[in-house]
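Take a look at the model below before reading on. Then follow the chain through its main features.

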Amino acid sequence: MFPKKIQFRSNKYEEWQAGQCISHGPIDVLITLTIYLVSGRLDVQLTNVRGLKIIDSFSFEKMDILPDMRMQFVHGSYDFNPIIPYVCHIFYSDTTISHIRFAMSNPDRLIEFYGCVIAK
């Protein structure tokens, strides 16, 4: 089975820590997702993250489909590096992605990207 490549253009982000939004605003980030459905692997490439505390290339090894219209990808092992995501949630409705969330630790923090799919 061939991988599925999706490009998502984000025009807005929110960063959350301890239940509070600590930063937000307009952004122009291209998120390239390569999903390997058979193995459950997800490769992520972020372009133009503008100083956000997140690396620009990383992978996840395990996939779950959750009942609330999202896909969850996690690392097989936990990394305490504060700029490496350990969970990714891809939120979708019907056949399109509405937003993508990455969770980091040390301290626990979320970055959510909102936008639209530009290429499949």
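The paragraphs below go from the sheet to its strand pairs, then to a buried glutamate and the core.

This is a predicted model, in which local features need pLDDT of at least 70, side-chain atom pairs count only at pLDDT 80 or more, and totals for chains, interfaces and linings use all residues. Residues are numbered from 1 along each chain as its sequence is written, and side-chain values use heavy atoms, with hydrogens and water left out.

Start with the sheet. It is open, has nine strands and runs in the order 4-3-2-1-9-8-7-6-5, with antiparallel pairing. Strands here are DSSP runs (E, at least two residues), numbered from the N terminus. Two strands count as paired if DSSP finds at least two bridges between them. Strand 4 (57-60) and strand 5 (62-66) are the edges; each has a single partner strand, so one side of each lacks a neighbour in the sheet. On average, neighbouring strands are turned by 25 degrees against each other, direction ignored. The strand axes are lines fitted to C-alpha atoms.

Now walk through the pairs. Strand 1 (residues 4-17) and strand 2 (residues 20-36) are joined antiparallel over 13 bridges. Here tryptophan 16 faces cysteine 21 of strand 2. Strand 2 also pairs with strand 3, antiparallel, over seven bridges. Threonine 34 sits opposite aspartate 43 in strand 3. Four residues lie between the strands of this hairpin, and glycine 40 takes a positive phi near 85 degrees. Strand 3 and strand 4 pair antiparallel over four bridges, and leucine 42 stands opposite phenylalanine 60 in strand 4.

Is glutamate 15 buried or exposed? Glutamate 15, in strand 1, is buried, with a relative accessible area of 7%. Buried means under 20% relative accessible area (1.4 Å probe, protein chains only). The glutamate 15 side chain makes a polar contact (N or O atoms within 3.5 Å, one able to donate a hydrogen and the other to accept it) with the side chain of arginine 109, at 2.8 Å. Among the residues that glutamate 15 touches (heavy atoms within 4.5 Å) are Cys21, Leu52 and Leu110.

Last comes the core. A nonpolar core is a set of buried Ala, Val, Leu, Ile, Met, Phe, Trp, Tyr and Cys residues joined through side-chain atoms within 4.5 Å. The largest one has 26 residues, and Ile31, Leu33, Leu42, Val44, Ile54, Phe102 and Phe113 touch the most other members. Strand 2 gives the most to this core, with five residues. Leucine 33 has contacts that include Ile6, Leu42, Val44, Ile90, Ile97 and Ile100.

Conventions. Axes are lines fitted to C-alpha atoms, for helices over the stretch in contact, and angles run from 0 to 180 degrees between N-to-C directions. Buried means under 20% relative accessible area, exposed over 50%, partly exposed in between (1.4 Å probe, protein chains only). Lists of a residue's contacts leave out its neighbours within four places in sequence.
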